[in-house]
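Please read the following explanation alongside the coordinates. It moves from the cysteines to the nonpolar cores and ends with a single helix.

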Amino acid sequence: MPQLDFRAPRLFVDHPLKAGETVALKRDQSNYLGNVLRLAAGESVLVFNGRDGEWQAAISGRKRPDNLTLILQTRPQDQLPDIAYVFAPLKHARLDYVVQKAVEMGAASLQPVVTRHTQVSRVNTERMRANVIEATEQCGILSLAEVAEPVPLERYLGQRVAGRLLVFCDEAADVGDPLAALKGGAGSNGIDVLIGPEGGFAEEERALLMKQPNILRLALGPRILRADTAGVAALALVQAALGDWGQMAVKQTS
């Protein structure tokens, strides 16, 4: 694991990053640095844009932090594992939680899908993106997960790339060894992790899912999990079996 500075504040800036470049702070970023963290001109923070790695930057400004001057790169850009978190959206704070935890678990993209039993009629994708940025800033992550607009489940299934492994987390599946089952899906061209709504999938949806190519139907243990808990559990299993958690273990033992 790379050495991270957990004490230094981190900011996402949508601006090219290179030594000597000056980046103007947005009002909320200036307020956060000056009024919340009590940082002043001459002090430093870490910044990233999802493309150019992480940089140390010096604060400048007379009355409040106004600009950042890039000094040196602290970490090169990396890539997230090709894992898409596909989920039936939840309400308010639970949706915030799902987005934040998916980012922490290393999902590269978030795709809300509307199912028969989805209880949410509208999804605030701008709020989702704000949660992605906040979680990325707090957890030392360098790449921003993409947020897609919600689509009906049938449309998502019709347009997904058939070569990707679809991990279909189904409470009605037989309980087995999920890690062993996932390791049998190695070599796929990306992974889609599908979590349904609180009420589960309708029978016609389950039948449609079972017709999909390259699908792995998976039970998440002997207990029924809430949808937000199921997402964390499923992503942890996928990362351990097929994602960058397993790659880290290989590197440490080689």
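**Cysteines, cores and a helix**

A search of the whole structure, which is a predicted model, finds 0 disulfides. Two cysteines can be placed by their accessibility: Cys139 counts as partly exposed, because its relative accessibility is 33%, whereas Cys169 is buried, with a relative accessible area of 7%.

The interior can be approached through its nonpolar cores. The largest of these has 37 residues, and within it Tyr85 and Leu110 are the residues with the most contacts. Two or more residues come from each of the strands β6 (83-87), β10 (165-169), β11 (191-195) and β12 (215-218), and likewise from the helices α2 (92-104), α3 (125-138) and α7 (227-241); of these elements, α7 gives the most, with 7 residues. Leaving aside residues up to four places away in sequence, Tyr85 touches a set of residues that includes Val98, Ala102, Leu110, Val193, Ile195, Ala227 and Leu235. Separate from this core is a second one of 14 residues, and Leu33, Trp55, Ala57 and Leu68 are among its members.

Leu33 also belongs to helix α1 (residues 27-36), where the buried residues are Gln29, Ser30, Leu33 and Gly34. Seen down the axis of α1, these buried residues fall within an arc of 110°, so they line one face of the helix. Such a pattern can be read against helix geometry: an α-helix has 3.6 residues a turn, so residues three or four places apart point the same way. The cover over the buried residues of α1 includes the strands β1 (10-12), β3 (44-48), β4 (54-60) and β5 (67-75), while on the other side of the helix Arg27, Asp28 and Val36 are exposed. Just after α1, Arg38 takes a positive phi of about 60°.

Terms used: Residues numbered from 1 in each chain as written. Predicted model: local features only at pLDDT ≥ 70, side-chain atom pairs only at ≥ 80, totals over all residues. Heavy atoms only, no water. Buried < 20%, exposed > 50% of the residue type's maximum accessible area, 1.4 Å probe, protein only. Helix = DSSP H or I, 4+ residues; strand = E, 2+ residues; numbered from the N terminus. Arc of directions from axis to C-beta. Contact = heavy atoms within 4.5 Å. Disulfide = S-S within 2.5 Å. Core = buried A, V, L, I, M, F, W, Y, C linked by side-chain atoms within 4.5 Å.
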